[in-house]
Amino acid sequence: METPGQNTKQVMEENDALKQFMELLNQQNMKEQSQDFMGIFWYVAGMQVQLSAMVDELQGVREQLSQMQENQPKSVKENLMDKVAHLQEKITNLSERLTAVRNRLVETASQAVNTFKEKGKAEMCKVLQKGISGVKSMLSGYRERLVDVMMGFEKTANQIDSIGDELKQIGNSVSNVGRLLTGKDTKEVSDEKPGVGLTRVINKPVKKAVENLRKKIDATDQAFEKLDRLSDRLDAGKEAEKGGRVSVKDKLSQMKEKAGQQKKAPEPDKAKAKSKEESL
């Protein structure tokens, strides 16, 4: 795990690389490409912040479980602790995947700047396209994992509900036997009985996480759109530059052709003399 000092150093290095990269693109009249690239970077960085908040919230649930009163069923408490810890691990894994994507973006920006200095704009665009392709592949894997995690959260939420329903039913059965024996009507046990209320409380942040993960899937799809747009704009810029070179080449060819035609044409005086001789 990174120390605060290492994390601060990494952020400073990232900021420096991205600043140079944006300045370069703006100088090359590639402001839209710069905005798309940074939009993708901030999506990744923002998503990591949100995932970190989810991990902290689940940690709070674990601490809440550990402080529960002794009258809570031990088996239920341990079962829920394990489930929450597993969910927390899945979210942490997602964040680590995004760290790899973030590093790839910064690395691409840094390589693009160096390549421009050594080989020019065309080669820089090739580096960017390669980097974008790699990011797409990594984000694709992240999205698949994101869907799996969301489904895992949904499954866990259903399991916790089932545990609560089972505890509630057990409570009803045990208490109602006594009531029936004394000739009283059966009575439904409240959710506040040991274990039942606990499952409801714990499941609230889990169900909230399901909705958050669903939104993150949509946000990832939007990031893919930005990547596609950036790739298309890089291709369009390349074609435009290529088109400009071709037009200059065509213009030179036209000038040469015109010069050749002028050489082949007879001089005015000679043409007049030849015409006069023919008339005689």
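Two cavities of 30 Å³ or more sit inside this structure, which is a predicted model. The bigger story around them is a protein built from six helices and zero strands. Let's start with the empty spaces, then look at the nonpolar core, a few single residues and the protein overall.

**The largest cavity**

- How much space does the largest cavity hold? Its volume is about 60 Å³.
- Seen from the inside, the lining of the largest cavity is made of Met 54, Glu 57, Leu 58, Pro 205, Lys 208, Ala 209 and Asn 212.
- Two helices, α2 (31–66) and α5 (196–264), each give at least two residues to that lining.
- Helix α5 has the largest share here, with four residues.
- Sort the lining of the largest cavity by chemistry and you get four nonpolar residues, one polar and two charged.

**The second largest cavity**

- The second largest cavity comes in at about 30 Å³.
- Around it you'll find Phe 37, Arg 104, Leu 105, Thr 108, Gly 131, Ile 132, Val 135 and Leu 227.
- This time the helices that each supply at least two lining residues are α3 (74–119) and α4 (121–181).
- Which kinds of residue line the second largest cavity? The lining splits into five nonpolar, two polar and one charged.

**The nonpolar core**

- The largest nonpolar core has 57 residues, and the members touching the most others are Ile 91, Leu 139, Tyr 142, Phe 153 and Leu 213.
- Helices α1, α2, α3, α4 and α5 each put two or more residues into this core.
- The largest share, 15 residues, is from α4.
- Take a look at Ile 91: setting aside neighbours within four places in sequence, Ile 91 is in contact with Leu 51, Met 54, Val 55, Leu 58, Val 149, Phe 153 and Leu 213.
- Two of those partners, Met 54 and Leu 58, may ring a bell, since Ile 91 contacts them and they also appear in the lining of the largest cavity.

**Three residues to find in the model**

- Ser 34 belongs to helix α2. Is Ser 34 buried or exposed? Ser 34 counts as buried because its relative accessible area is 4%, and the cut-off for buried is under 20%.
- Not counting residues up to four places away in sequence, Ser 34 touches Met 22, Leu 25 and Asn 26.
- Asp 16 lies in helix α1 (residues 4–27). With a relative accessible area of 45%, Asp 16 is partly exposed.
- Asp 16 and Val 106 are 90 residues apart in sequence, yet their C-alpha atoms are 9.7 Å apart in space.
- Gln 222 is part of helix α5, and Gln 222 is partly exposed, its relative accessible area being 46%.
- Along the chain, Gln 222 and Ile 40 are 182 residues apart, while 9.2 Å separates their C-alpha atoms.

**The protein as a whole**

- Walk along the sequence and the pattern reads α-α-α-α-α-α.
- Of the 280 residues in the protein, 34% are buried.
- How many of the contacts with a separation of 6 or more join residues 24 or more positions apart? That share is 81%.
- The accessible surface of the protein is about 17,700 Å², and carbon and sulfur atoms account for 50% of that surface.

How values were computed: Residues numbered from 1 in each chain as written. Predicted model: local features only at pLDDT ≥ 70, side-chain atom pairs only at ≥ 80, totals over all residues. Heavy atoms only, no water. 1 Å grid on protein atoms, 1.4 Å probe; cavity = no way out; pocket = protein on both sides within 12 Å on 5 of 7 lines; lining within 4 Å. Points joined across faces, edges and corners; volume = space filled by probe spheres on them. Nonpolar A, V, L, I, M, F, W, Y, C, P; charged D, E, K, R; others polar. Buried < 20%, exposed > 50% of the residue type's maximum accessible area, 1.4 Å probe, protein only. Contact = heavy atoms within 4.5 Å. Core = buried A, V, L, I, M, F, W, Y, C linked by side-chain atoms within 4.5 Å. Areas by Shrake-Rupley, 256 points an atom, 1.4 Å probe, with all protein chains shown as cover.
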